[in-house]
Amino acid sequence: MMSGTSLDGVDAALVQTDGTCIHAFGPSGYADYSDTQRADLRAALGQWPGGHDVHNAARVGDAAHIALAKTLLADSPADLLGYHGQTLAHDPAMGRTHQAGDGQVLADTLGVPVIWDFRSKDVAEGGEGAPLAPFFHHACARFIGADGPIAFLNLGGVGNVTWVDPRIDAPEDPNACLAFDTGPANAPINDLMQTRMGLALDQGGTLALSGAVDDSVVRDFLEHPYFKRQPPKSLDRDQFPGLLPSVATLSDAEAARTLTACAAEAVAIGMAHCPSAPTRLLVTGGGRRNAALMFELSSRLNVPVQDINDTGLDGDMLEAQAFAYLAVRVARGMPTSAPTTTGVGQATGGGKTSCPAKG
């Protein structure tokens, strides 16, 4: 189960796996956050444990995930749950990351063992704690029969890319994966829409498509020191606080298009880090539904850009499926990150296990 930094809602998906191969994908579900829930979560962004809004955010997140899980599990029981929780703050440079949510609450309520707090161990051991989906992406590349390097681009609140070579068996092999956050993606666009128009997002990129890019804003955006760092690297949702103010004088359409162009240009710069050119870029996450963003990516990249759904995978559920897959790896003592995915010193397995209370 997954709730991303775009704050749109909760995803849940079932996967049949041994933690190495994907054997089958099961049912999935999605539930929107209400405006009140979204406001409660947004109020806690940037806060660490003990922050005055954190308890409320955790309560909201736990309740939303439990409600969706009850619906999904009613017809499709599971042996194990992976619960990512809601990221509120992420600062690996200071050795800390914070996902609100309590796996024990879910285990007790749903009666199923829960793996959660996936990122803390990686960060404690010097890694970035993100992105964590690369090992699953590697398994997906093998599942769809890819015979050479491909890249997965997840466009959530923050963008992240995984380059994988499916010809290598073990995802922790130094030559199998490279992954990192590219930069802001949907988060600043969603924040713009919420602030100016009271909307959760630019549906389909319609507003952005009616505007023009302010290239000077994009150039200034690319001067941020993050883009000069070598991967692996990761971002907090609000690590670019100057981006939204930089479009303050633009019209709604121009601002939306410019923020969209910034997201795409960040990906273009990031792709230069790939060990070799991927044969295609498979786009997953909510951003793939944004026609303006997909257009900007295609126009700025020298690699075919493809909606991941065209391969038979589910671009809406890939992140939730990833944490189902990772939960099995944690349960079996297998690594979930490596030096080439999070920068951790050695292949590492994270996550806490909570079993249902007896009685």
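Start by selecting residues 291-300, which is helix α11 in this predicted model. Helix α11 lies across β7 (150-155), β10 and β11, and it runs at about 150 degrees to β11.

Now hide the helix and colour the strands. Five of them make an open sheet, in the order β9-β8-β7-β10-β11, with mixed pairing. At the edges you'll find β9 (177-184) and β11 (305-307), each paired on one side only. Neighbouring strands here are turned by 25 degrees against each other on average, ignoring direction.

Zoom in on β10, residues 281-284. This strand runs parallel to β11, and three bridges join the two. To pick out one position, show L281: V305 in β11 stands opposite.

Next stop: the hairpin of β4 and β5. Select 86-91 for β4, which pairs with β5 in the antiparallel sense over five bridges. D91 has R96 in β5 as its bridge partner. Four residues sit between the strands, and at G95 you can check the backbone: its phi is positive, near 70 degrees. Then take β5 itself, residues 96-100, and switch on a surface: the strand is mostly covered, with four of its five residues buried.

Last, select the cysteines C262 and C355. Which of the two is buried, and which partly exposed? C262 has 1% relative accessibility, so it counts as buried, the cut-off being under 20%. C355 is at 48%, so it counts as partly exposed. Don't go looking for disulfides, though: a search of the whole structure finds zero.

Technical notes. Residues are numbered from 1 along each chain as its sequence is written. This is a predicted model: local features need pLDDT of at least 70, side-chain atom pairs count only at pLDDT 80 or more; totals for chains, interfaces and linings use all residues. Side-chain values use heavy atoms; hydrogens and water are left out. Two strands pair if DSSP finds at least two bridges between them. Axes are lines fitted to C-alpha atoms, for helices over the stretch in contact, and angles run from 0 to 180 degrees between N-to-C directions. Contact means heavy atoms within 4.5 Å. A disulfide is a pair of cysteine sulfur atoms within 2.5 Å. Buried means under 20% relative accessible area, exposed over 50%, partly exposed in between (1.4 Å probe, protein chains only).
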